[in-house]
Amino acid sequence: MLHRLAVAALSLTLVATPALSETLVVTAARMVDVERGRYVDNPVVVVTDGRIVSVGTAAPADLPADAQRLDLPGLTLLPGLIDMHVHLANTPYVSGWNALDYADDFGAILQAPNARATLDAGFTTVRNLGGPNFADVALMQAIDAGFVVGPRVVPAGAYIGATGGHCDETGYPYSMQVESDFVADGVDRMRHVVREVRKYGAQVIKICATGGVFSRNTEPGQQQLTFDELKTAADEAHMWGLRVAAHAHGASGIREAIRAGIDTIEHASMIDAEGIRLAVQHGTWLSMDIFNTDFTQATGTEFGVTEDNLRKDREIAQIQRDNFRAAHRAGARIVFGSDAAIYPHGQNARQFAVMVEYGMTPAEAIRSATWNAAQALGREGDVGAIVPGRYGDLIAVAGDPLLDVRALETVPVVIKGGEVMRDAR
(Lines give C-alpha, C1' and ligand atoms only; values in the text may rest on other atoms or scores of the structure.)
Protein backbone atom coordinates (compact mmCIF):
# COMPACT_ATOMS: atom_id res chain seq x y z
CA MET A 1 0.00 0.00 0.00
CA LEU A 2 2.84 2.39 0.88
CA HIS A 3 4.50 1.56 -2.42
CA ARG A 4 1.32 2.46 -4.31
CA LEU A 5 1.02 5.77 -2.44
CA ALA A 6 4.64 6.62 -3.22
CA VAL A 7 4.12 5.92 -6.91
CA ALA A 8 0.94 8.00 -6.90
CA ALA A 9 2.69 10.89 -5.18
CA LEU A 10 5.56 10.75 -7.66
CA SER A 11 3.10 10.72 -10.55
CA LEU A 12 1.34 13.79 -9.18
CA THR A 13 4.67 15.55 -8.77
CA LEU A 14 5.65 14.81 -12.36
CA VAL A 15 2.33 16.01 -13.70
CA ALA A 16 2.38 19.17 -11.63
CA THR A 17 5.87 20.24 -12.72
CA PRO A 18 5.71 22.05 -16.08
CA ALA A 19 8.37 21.20 -18.65
CA LEU A 20 10.92 23.91 -19.29
CA SER A 21 10.55 25.52 -22.70
CA GLU A 22 13.58 25.89 -24.94
CA THR A 23 13.73 28.98 -27.11
CA LEU A 24 16.17 29.88 -29.88
CA VAL A 25 16.27 33.35 -31.42
CA VAL A 26 17.88 33.52 -34.86
CA THR A 27 18.86 36.73 -36.63
CA ALA A 28 20.44 37.18 -40.05
CA ALA A 29 21.09 39.78 -42.72
CA ARG A 30 18.04 38.66 -44.68
CA MET A 31 15.60 35.83 -45.21
CA VAL A 32 14.06 34.31 -48.32
CA ASP A 33 10.26 34.39 -48.43
CA VAL A 34 10.00 31.25 -50.53
CA GLU A 35 6.31 31.66 -51.33
CA ARG A 36 6.85 35.04 -52.97
CA GLY A 37 10.48 34.66 -54.06
CA ARG A 38 11.75 37.79 -52.34
CA TYR A 39 13.96 38.87 -49.46
CA VAL A 40 12.99 40.08 -46.00
CA ASP A 41 15.73 42.18 -44.45
CA ASN A 42 16.99 41.78 -40.86
CA PRO A 43 14.72 38.88 -39.85
CA VAL A 44 14.28 37.73 -36.27
CA VAL A 45 12.96 34.17 -36.04
CA VAL A 46 11.93 32.74 -32.67
CA VAL A 47 11.66 28.98 -32.21
CA THR A 48 10.21 27.48 -29.03
CA ASP A 49 10.10 23.75 -28.38
CA GLY A 50 10.96 23.00 -31.98
CA ARG A 51 8.31 25.18 -33.63
CA ILE A 52 8.52 28.70 -35.02
CA VAL A 53 6.48 31.03 -32.81
CA SER A 54 7.25 34.37 -34.43
CA VAL A 55 8.90 35.89 -37.50
CA GLY A 56 9.54 39.62 -37.66
CA THR A 57 12.20 42.29 -37.65
CA ALA A 58 12.42 42.68 -33.88
CA ALA A 59 12.50 40.26 -30.98
CA PRO A 60 9.19 39.91 -29.09
CA ALA A 61 9.03 41.67 -25.74
CA ASP A 62 8.08 38.49 -23.89
CA LEU A 63 11.15 36.44 -24.76
CA PRO A 64 12.18 34.13 -21.90
CA ALA A 65 15.29 35.23 -20.04
CA ASP A 66 17.11 31.99 -20.85
CA ALA A 67 16.46 32.13 -24.62
CA GLN A 68 19.46 31.18 -26.73
CA ARG A 69 20.52 33.54 -29.47
CA LEU A 70 22.16 32.75 -32.81
CA ASP A 71 23.24 35.80 -34.77
CA LEU A 72 24.19 35.18 -38.40
CA PRO A 73 25.47 38.52 -39.73
CA GLY A 74 25.94 38.64 -43.47
CA LEU A 75 24.08 35.36 -44.04
CA THR A 76 20.75 34.60 -45.68
CA LEU A 77 18.14 32.44 -43.97
CA LEU A 78 16.01 29.91 -45.86
CA PRO A 79 13.71 27.11 -44.74
CA GLY A 80 15.35 23.72 -44.37
CA LEU A 81 15.43 22.12 -47.81
CA ILE A 82 13.33 19.08 -48.80
CA ASP A 83 14.51 16.34 -51.17
CA MET A 84 11.53 14.34 -52.39
CA HIS A 85 13.51 11.39 -53.78
CA VAL A 86 16.49 9.84 -52.00
CA HIS A 87 17.77 6.35 -51.25
CA LEU A 88 19.69 6.63 -47.98
CA ALA A 89 20.59 2.94 -47.84
CA ASN A 90 22.41 3.06 -51.18
CA THR A 91 25.68 4.52 -52.40
CA PRO A 92 26.97 5.19 -55.91
CA TYR A 93 30.26 3.58 -54.87
CA VAL A 94 28.68 0.10 -54.71
CA SER A 95 26.53 -0.67 -57.73
CA GLY A 96 25.47 -3.55 -59.95
CA TRP A 97 26.76 -6.99 -59.08
CA ASN A 98 29.28 -5.43 -56.66
CA ALA A 99 26.46 -5.21 -54.12
CA LEU A 100 26.61 -8.99 -53.74
CA ASP A 101 30.02 -8.62 -52.08
CA TYR A 102 28.32 -7.14 -49.01
CA ALA A 103 26.18 -8.61 -46.25
CA ASP A 104 22.42 -8.18 -46.20
CA ASP A 105 22.43 -5.35 -43.63
CA PHE A 106 25.15 -3.33 -45.37
CA GLY A 107 22.67 -0.85 -46.81
CA ALA A 108 20.87 -0.37 -43.51
CA ILE A 109 24.19 0.55 -41.88
CA LEU A 110 24.95 3.07 -44.63
CA GLN A 111 21.81 5.02 -43.78
CA ALA A 112 23.32 6.71 -40.72
CA PRO A 113 26.32 8.43 -42.40
CA ASN A 114 24.25 9.17 -45.51
CA ALA A 115 21.55 10.78 -43.37
CA ARG A 116 24.13 12.95 -41.63
CA ALA A 117 25.68 14.05 -44.93
CA THR A 118 22.23 14.95 -46.23
CA LEU A 119 21.38 17.01 -43.16
CA ASP A 120 24.74 18.79 -43.25
CA ALA A 121 23.96 19.75 -46.86
CA GLY A 122 20.90 21.66 -45.66
CA PHE A 123 18.19 19.07 -46.36
CA THR A 124 16.20 18.81 -43.15
CA THR A 125 13.43 16.64 -44.66
CA VAL A 126 13.67 13.81 -47.18
CA ARG A 127 11.31 11.32 -48.74
CA ASN A 128 13.10 7.97 -48.91
CA LEU A 129 11.73 6.01 -51.86
CA GLY A 130 13.16 2.56 -51.43
CA GLY A 131 15.96 0.42 -50.10
CA PRO A 132 16.14 -2.66 -47.87
CA ASN A 133 12.63 -3.45 -46.70
CA PHE A 134 11.57 -1.08 -43.89
CA ALA A 135 15.13 -0.03 -43.06
CA ASP A 136 14.05 3.56 -43.67
CA VAL A 137 11.24 3.15 -41.15
CA ALA A 138 13.86 2.10 -38.59
CA LEU A 139 16.03 5.07 -39.59
CA MET A 140 13.12 7.46 -39.11
CA GLN A 141 12.49 6.01 -35.67
CA ALA A 142 16.17 6.23 -34.69
CA ILE A 143 16.41 9.87 -35.82
CA ASP A 144 13.13 10.87 -34.17
CA ALA A 145 14.26 9.24 -30.91
CA GLY A 146 17.62 11.01 -31.00
CA PHE A 147 19.83 7.96 -31.48
CA VAL A 148 20.95 9.00 -34.98
CA VAL A 149 21.50 12.46 -36.45
CA GLY A 150 19.70 13.08 -39.71
CA PRO A 151 16.83 14.81 -41.48
CA ARG A 152 13.15 14.15 -41.00
CA VAL A 153 12.49 10.98 -42.99
CA VAL A 154 9.26 10.16 -44.80
CA PRO A 155 9.73 6.41 -45.47
CA ALA A 156 8.30 4.32 -48.29
CA GLY A 157 9.23 1.10 -46.51
CA ALA A 158 9.45 -1.01 -49.66
CA TYR A 159 9.08 -0.86 -53.43
CA ILE A 160 5.92 -2.22 -55.09
CA GLY A 161 5.97 -3.37 -58.71
CA ALA A 162 5.22 -6.05 -61.25
CA THR A 163 6.83 -9.46 -61.61
CA GLY A 164 9.99 -8.94 -63.65
CA GLY A 165 9.67 -5.16 -63.45
CA HIS A 166 11.92 -2.41 -62.12
CA CYS A 167 10.82 -2.96 -58.50
CA ASP A 168 11.37 -6.72 -58.66
CA GLU A 169 14.70 -8.55 -58.29
CA THR A 170 15.68 -8.92 -61.93
CA GLY A 171 18.66 -10.45 -63.68
CA TYR A 172 18.87 -13.70 -61.74
CA PRO A 173 18.37 -17.14 -63.37
CA TYR A 174 15.25 -19.22 -62.78
CA SER A 175 17.19 -21.65 -60.61
CA MET A 176 17.77 -18.95 -57.99
CA GLN A 177 14.09 -17.89 -57.72
CA VAL A 178 14.90 -14.40 -56.40
CA GLU A 179 11.81 -12.23 -56.11
CA SER A 180 10.74 -9.09 -54.31
CA ASP A 181 8.45 -9.61 -51.33
CA PHE A 182 6.17 -6.90 -52.67
CA VAL A 183 5.41 -7.86 -56.25
CA ALA A 184 1.82 -6.90 -57.02
CA ASP A 185 0.24 -8.51 -60.09
CA GLY A 186 -3.47 -7.73 -60.34
CA VAL A 187 -5.70 -5.41 -58.37
CA ASP A 188 -6.34 -7.75 -55.43
CA ARG A 189 -2.65 -8.30 -54.86
CA MET A 190 -1.97 -4.58 -55.24
CA ARG A 191 -4.58 -3.74 -52.64
CA HIS A 192 -3.09 -6.27 -50.22
CA VAL A 193 0.50 -5.13 -50.71
CA VAL A 194 -0.33 -1.44 -50.23
CA ARG A 195 -2.04 -2.34 -46.96
CA GLU A 196 0.86 -4.54 -45.89
CA VAL A 197 3.52 -1.92 -46.60
CA ARG A 198 1.49 0.68 -44.69
CA LYS A 199 1.08 -1.79 -41.83
CA TYR A 200 4.83 -1.95 -41.32
CA GLY A 201 5.39 1.78 -41.21
CA ALA A 202 5.40 3.29 -44.71
CA GLN A 203 4.30 6.93 -44.80
CA VAL A 204 4.30 7.11 -48.61
CA ILE A 205 3.63 4.35 -51.13
CA LYS A 206 6.27 3.81 -53.83
CA ILE A 207 5.28 1.91 -56.97
CA CYS A 208 7.09 1.25 -60.25
CA ALA A 209 4.88 2.01 -63.24
CA THR A 210 7.60 1.54 -65.87
CA GLY A 211 11.00 0.00 -66.36
CA GLY A 212 14.12 1.72 -65.14
CA VAL A 213 17.73 2.63 -65.78
CA PHE A 214 19.37 0.88 -62.82
CA SER A 215 17.67 -2.48 -63.15
CA ARG A 216 18.34 -5.50 -65.34
CA ASN A 217 16.04 -6.82 -68.04
CA THR A 218 13.83 -3.70 -68.08
CA GLU A 219 13.73 -0.68 -70.37
CA PRO A 220 12.75 2.78 -69.06
CA GLY A 221 9.96 3.23 -71.59
CA GLN A 222 8.17 -0.04 -70.76
CA GLN A 223 4.87 0.29 -68.92
CA GLN A 224 4.79 -2.42 -66.24
CA LEU A 225 1.60 -1.82 -64.26
CA THR A 226 -1.87 -1.59 -65.79
CA PHE A 227 -4.19 1.35 -65.30
CA ASP A 228 -6.35 -0.73 -62.95
CA GLU A 229 -3.33 -1.70 -60.84
CA LEU A 230 -2.17 1.92 -60.69
CA LYS A 231 -5.64 3.16 -59.76
CA THR A 232 -5.97 0.51 -57.06
CA ALA A 233 -2.65 1.63 -55.54
CA ALA A 234 -3.76 5.27 -55.56
CA ASP A 235 -7.25 4.61 -54.24
CA GLU A 236 -6.08 2.26 -51.50
CA ALA A 237 -3.29 4.56 -50.34
CA HIS A 238 -5.56 7.60 -50.33
CA MET A 239 -8.16 5.73 -48.30
CA TRP A 240 -5.47 5.19 -45.65
CA GLY A 241 -4.37 8.83 -45.82
CA LEU A 242 -1.12 8.16 -47.70
CA ARG A 243 0.23 9.60 -50.94
CA VAL A 244 1.70 7.64 -53.82
CA ALA A 245 4.93 8.15 -55.74
CA ALA A 246 5.22 6.36 -59.07
CA HIS A 247 8.58 5.63 -60.65
CA ALA A 248 7.74 6.32 -64.30
CA HIS A 249 10.14 7.05 -67.14
CA GLY A 250 8.00 6.01 -70.13
CA ALA A 251 5.32 8.20 -71.69
CA SER A 252 2.44 5.69 -71.53
CA GLY A 253 3.16 4.75 -67.93
CA ILE A 254 3.30 8.42 -66.97
CA ARG A 255 -0.04 9.15 -68.63
CA GLU A 256 -1.75 6.17 -67.02
CA ALA A 257 -0.30 6.98 -63.59
CA ILE A 258 -1.59 10.56 -63.78
CA ARG A 259 -5.05 9.40 -64.90
CA ALA A 260 -5.05 6.87 -62.05
CA GLY A 261 -4.60 9.60 -59.44
CA ILE A 262 -0.95 9.08 -58.51
CA ASP A 263 0.35 12.07 -56.52
CA THR A 264 3.94 12.41 -57.77
CA ILE A 265 5.62 11.11 -60.91
CA GLU A 266 9.27 10.24 -60.27
CA HIS A 267 11.80 10.84 -63.08
CA ALA A 268 9.14 11.56 -65.77
CA SER A 269 11.97 11.31 -68.29
CA MET A 270 10.01 10.58 -71.46
CA ILE A 271 6.87 12.53 -70.63
CA ASP A 272 5.17 13.67 -73.83
CA ALA A 273 2.92 16.63 -74.61
CA GLU A 274 -0.19 14.73 -73.54
CA GLY A 275 1.47 13.70 -70.29
CA ILE A 276 2.41 17.30 -69.56
CA ARG A 277 -1.15 18.40 -70.35
CA LEU A 278 -2.53 15.78 -67.98
CA ALA A 279 -0.05 16.73 -65.23
CA VAL A 280 -1.18 20.35 -65.46
CA GLN A 281 -4.86 19.37 -65.59
CA HIS A 282 -4.67 17.01 -62.61
CA GLY A 283 -2.18 19.06 -60.58
CA THR A 284 0.17 16.09 -60.46
CA TRP A 285 3.62 16.82 -59.12
CA LEU A 286 6.67 15.98 -61.26
CA SER A 287 9.94 15.04 -59.56
CA MET A 288 12.65 15.03 -62.24
CA ASP A 289 16.21 14.11 -61.24
CA ILE A 290 18.04 16.04 -63.95
CA PHE A 291 21.50 16.28 -62.38
CA ASN A 292 22.63 12.75 -61.52
CA THR A 293 23.49 11.67 -65.06
CA ASP A 294 26.61 13.86 -64.86
CA PHE A 295 28.04 11.69 -62.09
CA THR A 296 26.92 8.41 -63.67
CA GLN A 297 28.49 9.12 -67.03
CA ALA A 298 31.68 10.61 -65.51
CA THR A 299 32.39 7.55 -63.35
CA GLY A 300 31.18 4.96 -65.89
CA THR A 301 31.64 1.34 -64.80
CA GLU A 302 34.17 2.22 -62.07
CA PHE A 303 31.85 1.34 -59.19
CA GLY A 304 29.97 -1.55 -60.80
CA VAL A 305 27.37 0.17 -62.98
CA THR A 306 26.84 -2.12 -65.94
CA GLU A 307 27.37 -0.95 -69.49
CA ASP A 308 23.70 -1.68 -70.20
CA ASN A 309 22.64 0.67 -67.39
CA LEU A 310 25.01 3.34 -68.67
CA ARG A 311 23.50 2.91 -72.13
CA LYS A 312 19.99 3.49 -70.81
CA ASP A 313 21.14 6.52 -68.84
CA ARG A 314 22.75 8.03 -71.94
CA GLU A 315 19.64 7.45 -74.02
CA ILE A 316 17.23 9.30 -71.73
CA ALA A 317 19.40 11.91 -69.98
CA GLN A 318 19.00 14.77 -72.47
CA ILE A 319 15.40 13.77 -73.22
CA GLN A 320 14.58 14.15 -69.53
CA ARG A 321 16.25 17.56 -69.30
CA ASP A 322 14.45 18.84 -72.39
CA ASN A 323 11.15 17.55 -71.04
CA PHE A 324 11.83 19.25 -67.72
CA ARG A 325 12.06 22.54 -69.61
CA ALA A 326 8.87 21.78 -71.53
CA ALA A 327 6.93 20.79 -68.40
CA HIS A 328 8.06 23.91 -66.57
CA ARG A 329 7.09 26.16 -69.49
CA ALA A 330 3.65 24.54 -69.58
CA GLY A 331 3.06 25.29 -65.91
CA ALA A 332 3.38 21.77 -64.50
CA ARG A 333 3.94 21.56 -60.75
CA ILE A 334 7.53 20.51 -60.04
CA VAL A 335 9.24 19.41 -56.83
CA PHE A 336 12.91 18.84 -56.07
CA GLY A 337 13.89 15.17 -56.24
CA SER A 338 17.54 14.23 -56.70
CA ASP A 339 17.56 10.40 -56.59
CA ALA A 340 20.58 10.77 -54.28
CA ALA A 341 22.50 7.48 -54.16
CA ILE A 342 22.86 7.59 -57.93
CA TYR A 343 25.36 10.30 -56.98
CA PRO A 344 26.89 10.92 -53.52
CA HIS A 345 24.68 11.91 -50.62
CA GLY A 346 25.37 15.44 -49.49
CA GLN A 347 25.70 16.74 -53.04
CA ASN A 348 21.92 17.02 -53.47
CA ALA A 349 21.97 20.80 -53.91
CA ARG A 350 24.06 20.58 -57.07
CA GLN A 351 20.81 19.87 -58.92
CA PHE A 352 19.52 23.42 -58.34
CA ALA A 353 21.89 24.89 -60.93
CA VAL A 354 20.74 22.38 -63.55
CA MET A 355 17.11 23.25 -62.86
CA VAL A 356 17.96 26.90 -63.49
CA GLU A 357 19.92 25.99 -66.63
CA TYR A 358 16.80 24.27 -67.97
CA GLY A 359 14.37 27.10 -67.41
CA MET A 360 13.62 27.81 -63.76
CA THR A 361 14.49 31.02 -61.99
CA PRO A 362 16.53 30.55 -58.79
CA ALA A 363 13.41 31.44 -56.79
CA GLU A 364 11.42 28.71 -58.56
CA ALA A 365 14.14 26.14 -58.00
CA ILE A 366 14.29 27.00 -54.30
CA ARG A 367 10.49 26.88 -54.07
CA SER A 368 10.53 23.36 -55.56
CA ALA A 369 12.54 22.18 -52.52
CA THR A 370 10.56 24.13 -49.92
CA TRP A 371 7.04 25.47 -50.48
CA ASN A 372 6.15 23.07 -53.30
CA ALA A 373 7.67 20.01 -51.67
CA ALA A 374 5.79 20.63 -48.44
CA GLN A 375 2.52 20.75 -50.39
CA ALA A 376 3.35 17.58 -52.28
CA LEU A 377 4.10 15.83 -48.98
CA GLY A 378 0.85 17.08 -47.48
CA ARG A 379 2.91 18.57 -44.64
CA GLU A 380 2.64 22.28 -45.37
CA GLY A 381 1.77 22.86 -41.72
CA ASP A 382 5.15 21.49 -40.64
CA VAL A 383 7.91 22.20 -43.17
CA GLY A 384 8.79 24.20 -46.26
CA ALA A 385 8.60 27.80 -45.04
CA ILE A 386 9.72 30.10 -42.23
CA VAL A 387 6.32 30.92 -40.78
CA PRO A 388 4.81 30.53 -37.30
CA GLY A 389 3.58 27.04 -36.53
CA ARG A 390 6.04 25.16 -38.71
CA TYR A 391 9.10 23.34 -37.46
CA GLY A 392 12.13 25.46 -36.72
CA ASP A 393 14.02 24.01 -39.67
CA LEU A 394 16.32 26.71 -41.03
CA ILE A 395 19.51 26.97 -43.03
CA ALA A 396 21.83 29.92 -43.59
CA VAL A 397 24.04 30.53 -46.62
CA ALA A 398 26.44 33.18 -47.84
CA GLY A 399 25.94 34.96 -51.14
CA ASP A 400 22.72 35.74 -52.98
CA PRO A 401 20.72 32.54 -53.64
CA LEU A 402 18.01 34.41 -55.58
CA LEU A 403 20.70 35.57 -57.98
CA ASP A 404 23.03 32.55 -57.93
CA VAL A 405 21.39 29.36 -56.73
CA ARG A 406 24.81 27.72 -56.35
CA ALA A 407 24.95 29.50 -52.99
CA LEU A 408 22.93 26.52 -51.73
CA GLU A 409 25.76 24.10 -52.54
CA THR A 410 27.60 25.21 -49.38
CA VAL A 411 25.47 25.47 -46.24
CA PRO A 412 27.45 26.54 -43.17
CA VAL A 413 24.51 26.61 -40.73
CA VAL A 414 21.74 24.02 -40.34
CA ILE A 415 19.02 24.19 -37.70
CA LYS A 416 16.47 21.42 -37.23
CA GLY A 417 13.60 21.81 -34.84
CA GLY A 418 15.28 24.75 -33.16
CA GLU A 419 18.51 22.82 -32.54
CA VAL A 420 21.73 23.89 -34.24
CA MET A 421 22.89 20.75 -36.06
CA ARG A 422 25.76 22.38 -37.96
CA ASP A 423 27.65 25.62 -37.58
CA ALA A 424 30.68 25.67 -39.85
CA ARG A 425 31.13 29.43 -40.15
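**Exercise 1. In what sense do E1 and strand E2 pair, and over how many bridges?**

Before we start, keep in mind that this is a predicted model.

Step 1. Find E2 at residues 38–41; E1 and E2 pair in the antiparallel sense, over four bridges.

Step 2. Look for a facing pair: aspartate 33 stands opposite arginine 38 in E2.

Step 3. Now trace the hairpin that E1 and E2 form, with four residues between the strands. Glycine 37 in this hairpin takes a positive phi near 70°.

**Exercise 2. Describe the other pairings of E1 and say how covered the strand is.**

Step 1. Turn to strand E3, residues 44–48, which pairs with E1 in the antiparallel sense over five bridges. Here threonine 23 stands opposite threonine 48.

Step 2. Go on to strand E5, residues 68–79, where the pairing with E1 is parallel and runs over seven bridges. In this pairing, valine 25 stands opposite arginine 69.

Step 3. Check the burial of E1, which spans residues 23–33: nine of its 11 residues are buried, so the strand is mostly covered. For this step, buried means under 20% relative accessible area.

**Exercise 3. Work out which residues of helix H3 are buried and what covers them.**

Step 1. Locate H3 at residues 135–144; seven of its 10 residues are buried.

Step 2. Name the buried ones: Ala135, Asp136, Val137, Leu139, Met140, Ala142 and Ile143.

Step 3. Look around these residues. Their cover includes helix H2 (106–120) along with strands E7 (123–128), E8 (152–155) and E16 (413–416).

Step 4. Follow the chain just past H3, and you meet glycine 146 with a positive phi of about 90°.

**Exercise 4. Explore the nonpolar cores.**

Step 1. Begin with the largest nonpolar core, which has 82 residues. The members that touch the most others are Ile160, Ile205, Ile207, Ile265, Leu286 and Phe352.

Step 2. Pick isoleucine 265 and set aside its neighbours within four places in sequence. Its contacts are then Ala246, Ala248, Ile254, Ala257, Ile258, Thr284, Trp285, Leu286 and Ser287.

Step 3. Apart from the largest core lies another, of 16 residues, among them Val26, Leu70, Leu72 and Leu75.

**Exercise 5. Place the annotated domain on the model.**

Step 1. Read the record: an unreviewed UniProt entry carries the annotation "domain: Amidohydrolase-related" for residues 76–420.

Step 2. Compare the ends of this span: the C-alpha atoms there lie 16 Å apart.

Step 3. Finish with the make-up of residues 76–420, which are 36% helix and 15% strand.

Key:
Residues are numbered from 1 along each chain as its sequence is written. This is a predicted model: local features need pLDDT of at least 70, side-chain atom pairs count only at pLDDT 80 or more; totals for chains, interfaces and linings use all residues. Side-chain values use heavy atoms; hydrogens and water are left out. Buried means under 20% relative accessible area, exposed over 50%, partly exposed in between (1.4 Å probe, protein chains only). Helices (H or I, at least four residues) and strands (E, at least two) are DSSP runs, numbered from the N terminus. Two strands pair if DSSP finds at least two bridges between them. UniProt positions are given in the numbering used here, feature names are shortened, and annotations may be inferred rather than shown by experiment. Contact means heavy atoms within 4.5 Å. A nonpolar core is a set of buried Ala, Val, Leu, Ile, Met, Phe, Trp, Tyr and Cys residues joined through side-chain atoms within 4.5 Å.
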